Amino acid sequence: MTIDFSGQTAIVTGAGGGMGRAYALELARRGAAVVVNDYGGGVLGEQNGSSAPAEAVVAEITAAGGQAIANGLAVGTAANARAIVQAALTAFGRIDVLVNNAGTGIAGPFTAHDDEAIERHYATNLIGGHHLMRAAWPHMAAQRHGRILNVSSNGALGVGGNAPYAAAKAGMLGLTLDAAIEGRPLGISVNAVMPTSYSRLIEQIPDPSTVAWFRDNLPPEKVAAAMAWFLSRDCTETGRILLTGGGRLSSLIFAETGEIFDAEISAERVAQRIGEIGDESLLTPVHNQAEAGARYFRHLPWTAAETPDFGPDVERG
C-alpha cells in the first residue's frame, strides 16, 4: 500500500521551518500541491516577519519536482484565513488537506506578560487555526472530502510557567473533537496531534543537554511521516488525539475515574468519599459529550419519550 496525495492540495501553516517544513516536504514528496504558509516571525511571536522562510521551502519542493507556492500571511485573523484558502484555490483549484501547525511560545510566570502578548499568542495558536478551518470547511464539504490536522501539544496537560500556551493547545483539542463529530457525515476528518519533536520552541529550553536530546532523537520528519497516514484519503480515523515523536505513536483519550452518587451530596460528604472519586483503578473512557452525559442516566433515568440529545440542531456523525 502506497499513500499518495496526487491531485490534492494541502495548506501547511508555520511551514517555513521545523515541523511545518517537514509536513510540507512529506506531502509534496507524496504528490500534493502545497501552500507553504509562514509569516517568518520569531518563535516568541515577534512581529518582524517576511515570506523568505516560506519561499525557501517552496524552492526545496520545486527543486525536487513538486508543486508549491509561498504564502507570507500571519495566521490569527479571519481575513487572513480566507486569503490563505483563496491562495490555494487560485493556484491549485481545490483544498483537501489543512495542517494547522503555526504556533508561538510564551513561557513565564502567570502574570508576566502584557495584554497584547497574551492576545497575540491566542490568535496564533488557537484562533488562527479555527478561522482557517472555517474558511476551508465549505470547500471540503462541497467535495465530500477533507483532512484536517490540528497541532496541539502535551503542554496542554500542564507543565507550569506556560499557562497561555497550555490553554491555547488545550483549546485545539476541543476544536478538534467537536469538529470531528460535525465533519464525519461530510467526509471531513479532523484529528489532533501532540508532537514531541525538535523545533525552535525546544531551542528556548535553557538546559543544553535537553535540547541536544531532542535534536538527536526526535527529528520533525518522523512526526510528519507518522501523520501523513491520518491526512490521506485512505484513513477515515477522526476525533483522535495522537501522540508521536521519534517513531513512537499512541492515542490519548479522556477517562472518568471512579464515581459516587449521593442524592444528599454536600461538601462534607464529598470530603468523606474523595478517595472513591479519585480512584484511577476504575477508569472509563469518555469519547464525547453524549457518552459523558449518558453516565448520569444510571442514577437519574431518562423518562421522556424522545431519545436524549443535548447537542445543537446540526447534522452530526
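## A first stop at glycine 18

Glycine 18 counts as partly exposed, because its relative accessibility is 30%, which falls between the cut-offs of 20% and 50%. Keep in mind as you look around that this is a predicted model. Glycine 18 belongs to helix H1. Now look for serine 199: 181 residues separate glycine 18 from serine 199 in sequence, yet their C-alpha atoms are 5.3 Å apart in space.

For another pair, try alanine 70 and serine 251. These two are also 181 residues apart in sequence, but here the C-alpha to C-alpha distance is 33 Å. Alanine 70 sits in strand S3, which covers residues 67-71. With a relative accessibility of 33%, alanine 70 counts as partly exposed.

## Salt bridges in helix H1

The count of salt bridges in this model comes to 12. Let us visit a few of them, starting with one inside helix H1. Arginine 29 pairs with glutamate 26, and their closest N and O atoms are 3.0 Å apart. Both residues lie in helix H1, three residues apart, which is about one turn of the helix.

Are the two partners buried or exposed? Arginine 29 counts as exposed, because its relative accessibility of 58% is over the 50% cut-off. Glutamate 26 has a relative accessibility of 10%, so it counts as buried, the cut-off being under 20%.

## A bridge between two helices

Helix H1 also takes part in a salt bridge that reaches another helix. The side chains of arginine 21 and glutamate 221 meet with an N to O distance of 3.7 Å. Arginine 21 lies in helix H1 (residues 18-29) and glutamate 221 in helix H7 (residues 220-227), so this pair ties together parts that are 200 residues apart in sequence.

Arginine 21 is partly exposed at 24% relative accessibility, and glutamate 221 is partly exposed too, with a relative accessible area of 40%. The two also belong to a network: salt bridges link Arg21, Glu60 and Glu221. Glutamate 221 can serve as a landmark for one further distance, since its C-alpha atom is separated by 17 Å from that of serine 153, 68 residues apart along the chain.

## A bridge with a buried partner

Next, find aspartate 96 and arginine 94. Their side chains meet in a salt bridge with an N to O distance of 2.7 Å. Which relative accessible area does aspartate 96 have? The value is 0%, so aspartate 96 is buried. Arginine 94, with a relative accessible area of 23%, is partly exposed.

## The space inside

Rolling a probe the size of a water molecule over the atoms shows where empty space is left. How many cavities of 30 Å³ or more does a search of the whole structure find? The search finds one. About 60 Å³ of space lies in the largest cavity. The lining of this cavity has 13 residues, and the closest to its centre are Asn100, Asn101, Ala102, Thr124 and Gly129.

Where do the lining residues come from? Helix H4 (115-142) and helix H5 (163-183) each supply at least two of them. Helix H4 gives the largest share, with five residues. Sorted by character, the lining of the largest cavity holds seven polar residues, five nonpolar ones and one charged one.

## Two loops to look at

Just beyond helix H4, a loop leads to strand S5 (146-151), and arginine 144 is found in that loop. Its backbone is worth a look: arginine 144 has a positive phi of about 55 degrees although it is not a glycine.

The other loop runs between strand S9 (254-256) and helix H8 (267-277), and phenylalanine 261 lies there. Phenylalanine 261 counts as partly exposed, because its relative accessibility is 42%. Together with Tyr296 and Leu300, Phe261 makes a nonpolar surface patch of about 340 Å². Residues need over 30% relative accessible area to join such a patch, so the 42% of phenylalanine 261 passes that cut-off.

Conventions
Residues are numbered from 1 along each chain as its sequence is written. This is a predicted model: local features need pLDDT of at least 70, side-chain atom pairs count only at pLDDT 80 or more; totals for chains, interfaces and linings use all residues. Side-chain values use heavy atoms; hydrogens and water are left out. Patches are made of residues with over 30% relative accessible area and no salt bridge: like charges are joined within 9 Å, nonpolar side chains (Val, Leu, Ile, Met, Phe, Trp, Tyr) within 5 Å. Accessible areas come from the Shrake-Rupley method with a 1.4 Å probe; for residues, only the protein chains shown count as cover. A salt bridge is a side-chain nitrogen of Lys or Arg within 4 Å of a carboxyl oxygen of Asp or Glu. Helices (H or I, at least four residues) and strands (E, at least two) are DSSP runs, numbered from the N terminus. Buried means under 20% relative accessible area, exposed over 50%, partly exposed in between (1.4 Å probe, protein chains only). On a 1 Å grid over the protein atoms alone, a cavity is a set of points where a 1.4 Å probe fits but cannot get out, and a pocket is an open set with protein on both sides within 12 Å along at least five of seven lines; lining residues have an atom within 4 Å of a point. Grid points are joined across faces, edges and corners, and a volume is the space filled by probe spheres set on the points. Ala, Val, Leu, Ile, Met, Phe, Trp, Tyr, Cys and Pro count as nonpolar, Asp, Glu, Lys and Arg as charged, and the others, Gly among them, as polar.
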